[in-house]
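Subject: Model with ligand, handover

Hello,

Here is the structure I promised. My notes on the ligand site follow it.

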Amino acid sequence: MNEMTAVVARGGDLAETRLPVPAPEPHDLLVRVEAVSVNPVDTKVRAGGSRDEKVLGFDAAGVVVAVGAETSRFTVGDEVYYAGDITRPGSNAQFQVVDERIVGRKPATLSFADAAALPLTTITAWETLFDHLGATPDSEDTLLVVGAPGGVGSVLTQLARTLTRLRVIGTAGRPESVEWVRSMGAHETVDHHELVPAVKRLAPHGVDWLFTSYSGGRIEAFAEVLRPFGHIVAIDDEHDDLYPLKAKSITWHWEFMFARAGHGYDLAAQGALLDRAADLVDAGRLRSTVTRRLDGITAASLTEAHRLVESGGTIGKIVLTR
Ligand SMILES: NC(=O)c1ccc[n+]([C@@H]2O[C@H](COP(=O)([O-])OP(=O)(O)OC[C@H]3O[C@@H](n4cnc5c(N)ncnc54)[C@H](OP(=O)(O)O)[C@@H]3O)[C@@H](O)[C@H]2O)c1
């Protein structure tokens, strides 16, 4: 087991290569990757076109095959799921090393494929709801989820419904996404093509909290649909002028789920939230968001998955299994 097959991004494309199996650092697990999912961040890094070869892939589910000297949470044979660290080689490989503090136990009731759909979006949704918005089981405010059919919106809607008393309004621009967002638990849906009038009809005094994965050109619309002292959590890469939010004292939060791993900050919080999410799954209170499965973690199947994600119409998540 000295060498493995991996898929690397190279100059904007994906290609298979042979690499040495990585050795675990003291806090690492060496995981045999059984399934991965593809997120928009994979496509953004690949499309960046760097000449340096990089193993992409963040979400993974697999089996621990070796552990570092200072690990304590997992042992050889354990089934795990995680979203990894953008600064290290990714999951599009036969084996991957990952710091055990950002790893959760795989939900026992899910296949590797169904589990691989969840970690990155669950971390993002969890940090949005609890770290940024400070939601509690008693929260009864109204949360508008802009981008609700996507991977993050799908988990955020489910967590808000199962862990709080929030009223959830999700955007959905097509009949199939209306159906999906409802199935994730949203109380109501609005068409994002007519966001302001649709939200004002449902929440005439303004929504309290707004999550957005599609912010571009929408700051004035967000200022219109939020109440004074409302909160926005944004996860996309748009950089609009935020001044229109001042007149209503609206707070803007950035959520970036790689912030903890990238800065070595409170890593254990992510392992803990993934374990909590696994408990919710096994209790039937959170479900996988897989909508499409592809065979093989190969350059060809990953290229197809990247193409689908880049089309912008993905509902839920696309997963690939070995
Ligand atoms: N900061 C972080 O930590 C973090 C984490 C995860 C993802 N992200 C980023 O968040 C974004 C979303 O990712 P995702 O995986 O959740 O979802 P996604 O795959 O981008 O979501 C696709 C869905 O969004 C809806 N949509 C498309 N354009 C829209 C628009 N202009 N307004 C509202 N909805 C629209 C579409 O459904 P309908 O048109 O049918 O409604 C589509 O099915 C990406 O840019 C990703 O890189 C950031």
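The ligand sits in the largest pocket. A pocket is an open set of points on a 1 Å grid over the protein atoms alone, with protein on both sides within 12 Å along at least five of seven lines; to sit there, more than half of the ligand's atoms must lie within 2 Å of its grid points.

This is a predicted model: local features need pLDDT of at least 70, side-chain atom pairs pLDDT 80 or more, while totals for chains, interfaces and linings use all residues. Numbering runs from 1 along each chain as its sequence is written, and side-chain values use heavy atoms, without hydrogens or water.

The shell holds 25 residues, each with a heavy atom within 4 Å of the ligand. Lys44, Gly173, Arg174, Ser177 and Tyr214 are the closest.

Backbone polar atoms meet ligand oxygens at three residues: Met257 at 2.8 Å, Gly151 at 3.2 Å and Gly313 at 3.5 Å. The protein buries 87% of the 920 Å² that the ligand exposes alone (Shrake-Rupley, 1.4 Å probe).

Best wishes

Methods: A polar contact is a pair of N or O atoms within 3.5 Å; within protein, one must be able to donate a hydrogen and the other to accept it, and residues adjacent in sequence count only if both atoms are side-chain atoms. On a 1 Å grid over the protein atoms alone, a cavity is a set of points where a 1.4 Å probe fits but cannot get out, and a pocket is an open set with protein on both sides within 12 Å along at least five of seven lines; lining residues have an atom within 4 Å of a point.
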